[in-house]
Amino acid sequence: MSIASTDLFSLGLDDHDRLNKELGGGIPPGSIILVEGDYGAGKSAMSQRFTYGLCEEGHEVTYLSTELTVGSFLDQMHSLSYDMVDHILDEDVLFLHADIGESNALTGGDEQSERKELLKRLMEAEVMWDADVVVIDTFDAILRNDPKFEALVRQNEERQAALEVISYFRDVISQGKCIMLTVDPSTLDEEAIGPFRAIADVFIELEMIEVGNDVRRQINVLRFAGMGEQVGDTIGFSVRSGTGIVIESRSVA
């Protein structure tokens, strides 16, 4: 059942690309968006496109990166023609770098006490959840480097650990906010990622396909609850320096 486009968080940039239109006019408030893709599939570029477009439309965004510092984030956004400097100065976007550390590089002492409990700190960071949309890129890195989650994985209880995180996410989205998670599925077991796939209101897979000597990227929309207008099942795209996300083609099953 579709909802009015005025109720959606528009991704904007209608004069720049067709992404917002291809995704039915935006993302529904109160939803969890899961974006999966292997390394190089375009997860970060897609999350950066979402962030910039949302800010341009007047929404507040928190962007948490496990890889980029604020400087490299601004450089990367600028290279995609998504100029975020004014949005950061105007506090439209809160950028956070997640220092996840290295799971095998300890400075001594007890492993559990030395390593940060990342998921606990994530859920206790109240300020980051004030925004309309919270983007976590890449969420699998936080799961993999959290000692408590890792311990539960060793005990084959990763599903229970995932459900605890999901319970918190549900509380957040009950306030009409959105949470966007990017995940590399090759880094997690099915038992760990399965619960997040099951509860995602919007489930998008980014895929790279070799055609001859070319590598083509496409968005596979596997689930889109609360869509506005019709959403394409498969949307071809590319990532171009100086331009950003470019929609190449669309086919609807």
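Are Phe 73 and Phe 95 buried or exposed? In this predicted model, Phe 73 is buried, and Phe 95 is buried as well. The two residues form one of the aromatic pairs described below, after an outline of the chain.

The protein chain contains ten helices and nine strands. It has 253 residues, and 49% of them count as buried. Among contacts with a separation of 6 or more, 68% join residues that lie 24 or more positions apart. The accessible surface of the chain amounts to about 12000 Å², and carbon and sulfur atoms contribute 45% of that surface.

Eight aromatic pairs were found in a search of the whole structure. In one of them, the ring centres of Phe 73 and Phe 95 are 4.5 Å apart and the ring planes meet at 25°. The pair counts as stacked because this angle falls under the cut-off of 30 degrees. Phe 73 belongs to helix H3, which spans residues 70–79, and Phe 95 belongs to strand E3, which spans residues 93–97. The pair therefore ties together parts of the chain that are 22 residues apart in sequence.

A further pair is made by Trp 129 and Phe 169, with ring centres 6.0 Å apart and planes at 50°. This pair is classed as tilted, because stacked planes are under 30 degrees apart and edge-to-face planes over 60. Trp 129 sits in the loop between helix H6 (118–124) and strand E4 (133–137), whereas Phe 169 is in helix H9. The two are 40 residues apart, and their pairing links distant parts of the chain. Trp 129 has a relative accessible area of 5% and is therefore buried, the cut-off being under 20%. Phe 169 is also buried, with a relative accessible area of 0%. Both residues belong to one aromatic cluster, together with Phe 139, Tyr 168 and Phe 196.

Helix H9, which holds Phe 169, covers residues 158–173 and is followed by a loop that leads to strand E5 (178–183). Gly 176 is located in this loop. The relative accessibility of Gly 176 is 25%, so the residue counts as partly exposed, a class that lies between the buried limit of 20% and the exposed limit of 50%. Leaving aside residues up to four places away in sequence, Gly 176 touches Phe 9, Pro 29 and Gly 30. Gly 176 and Asp 132 are separated by 44 residues in sequence, and the distance between their C-alpha atoms is 7.7 Å.

Notes: Residues numbered from 1 in each chain as written. Predicted model: local features only at pLDDT ≥ 70, side-chain atom pairs only at ≥ 80, totals over all residues. Heavy atoms only, no water. Helix = DSSP H or I, 4+ residues; strand = E, 2+ residues; numbered from the N terminus. Buried < 20%, exposed > 50% of the residue type's maximum accessible area, 1.4 Å probe, protein only. Contact = heavy atoms within 4.5 Å. Areas by Shrake-Rupley, 256 points an atom, 1.4 Å probe, with all protein chains shown as cover. Phe/Tyr/Trp six-rings, centres within 6.5 Å; stacked < 30°, edge-to-face > 60°.
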